[in-house]
Amino acid sequence: MQPENVATRGTESDRAAEVLDGIRQRVDPTTFRHWFEGPVELRCVGPDVEIRVGTSFWMSWMQRQFAAVLRDAARAVTGGTPAVRFTVDPTLSDRSGEATPSPAVTDTSAGISAEPPSPTPAAAPPSAGGPARPPAEPAADGARAPRRRLADLGTFVVGPSNELAFAASLRFGETGHTVASPLFLHGPVGVGKTHLAEGIRRRLLARGEAPRIVAMTAEGFCNLFGQAIREKSLPAFREKIRSADLLMLDGVDFFDGKSGFQEELLHTLREFERKKSGLVFTADRHPRLFTKSGGELVSRLLAGTVCRLGAPDFEMRLQIVDRKAESLGKNLTPNIREFVAKRFRNNVRELEGAINVLRNYVELTERPINLTAARRILAELERDCLRVVRVVDVERAVCEFFRVEADDIRSAKRARTVARPRMLAMYLARKHTEAAYSEIGDHFGGRNHSTVISAEKKVKELLAGQAPIAVADRDMSVEEVVELIEARLQAS
């Protein structure tokens, strides 16, 4: 009796199903789900096995991690020594996008890990328990993890402190570019930088042109780059990042002082500029304040559209309170709304935290809330988070910002590079501490109380007139300088 020919033993689809079942038995369930239930197609062609994947980056990882597993599983089904071939089929990525009609984002250890319109299995660092997965980067290969919807530009509260940044973001979301790239959004924490970046992605994905977007934190970028160096997979990493239509990095001031990572980012910027692809960056600081970064990198960031977001004013905070309360299904009385908006001034996250505390109180006690109760509940919240600011804390924050020595601030020097920081330090010490004018004067070189009063009055005049002040090699508004120093005070 002739032995059964492998090529005729059942249909090719039957044999492919058997090979997949063999792979399932050889790897853990999570690995199988991430790698073989995504945009991957396995075929049996005669005695051989063909693996078709959506991208070359994905293929390179599959070849390294699963070639032996595939060969063993195929040998058990077909007999002999089957060949395992890998090919790239971009239509698989396109097809996988049908499963995710609305934009989504996956939170990973790399930071904002964004899905493009063609989601693929989530990436993660190698583990000791099974085959490694590609770096947990831009969820451009994204994910069977819990997802949340991207923020929408339509829900962003616009006001004097952010109208330019919003206009630039809206244009980017509608056209895929700004007047000059990259779009650089900077400002203190909690003022809406990430909201605008996510809103841009949402708009672009909704346009139906299937842009390939890589979105992640700057720290995630550095982690992946370092991992690629260790695993000698730099070409795959660079192809993954640089082949995107849009690169979005959150918190790029993370690169400041990291020369090796700056070099990689600089080469990436050059490639995106050459392709005329989109770039969106967010940071807490203006590029000129990247004092430990190379001149070429800073100049390329400055060549884009640099927009600042500031703390919301009272009217904006009222709108934010309304929208947040509405999204939670809670109606607040006008006096409670005004109380929250007046009490929590620094950023949107503080407002959201206050609303969440009030919501939890109502849900847990099942009692309505009035202004008296709101005052008491939020006073407890503020008491638990209370931080006492000292004059020396203000001095340290001012010296770090202007890069001057504390001894110079306290000295009798009258040079503008010292006098201006000293004046601002006196103003902020009076604003944020309980110290009397005389105590502040004593701290800053034994000056009398009238000098402190004069400095406070001068800064208020500068704030009212929106006057500029020299910082490094550029002029910044006094309001912006004060906000940045106060952000340092909060973070320290």
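The residues lining the second largest pocket divide into 15 nonpolar, 11 polar and 11 charged. In that count, Ala, Val, Leu, Ile, Met, Phe, Trp, Tyr, Cys and Pro are nonpolar, Asp, Glu, Lys and Arg are charged, and the others, Gly among them, are polar.

This is a predicted model, where local features need pLDDT of at least 70 and side-chain atom pairs count only at pLDDT 80 or more, while totals for chains, interfaces and linings use all residues. Residues are numbered from 1 along each chain as its sequence is written, and side-chain values use heavy atoms, with hydrogens and water left out.

A pocket here is an open set of points on a 1 Å grid over the protein atoms alone, with protein on both sides within 12 Å along at least five of seven lines; lining residues have an atom within 4 Å of a point. The second largest one has about 1,200 Å³ of space, that is, the space filled by probe spheres set on the points, which are joined across faces, edges and corners. Its lining has 37 residues, with Val-189, Gly-190, Val-191, Gly-192 and Arg-349 nearest the centre. Helix H11 gives the largest share of that lining, 6 residues. Helices (H or I, at least four residues) and strands (E, at least two) are DSSP runs, numbered from the N terminus.

Now the cavities, where a 1.4 Å probe fits but cannot get out. The structure holds 3 of 30 Å³ or more. The second largest has a volume of about 50 Å³, and its lining has 7 nonpolar, 1 polar and 1 charged residues. Among them are Val-252, Asp-256 and Ser-293.
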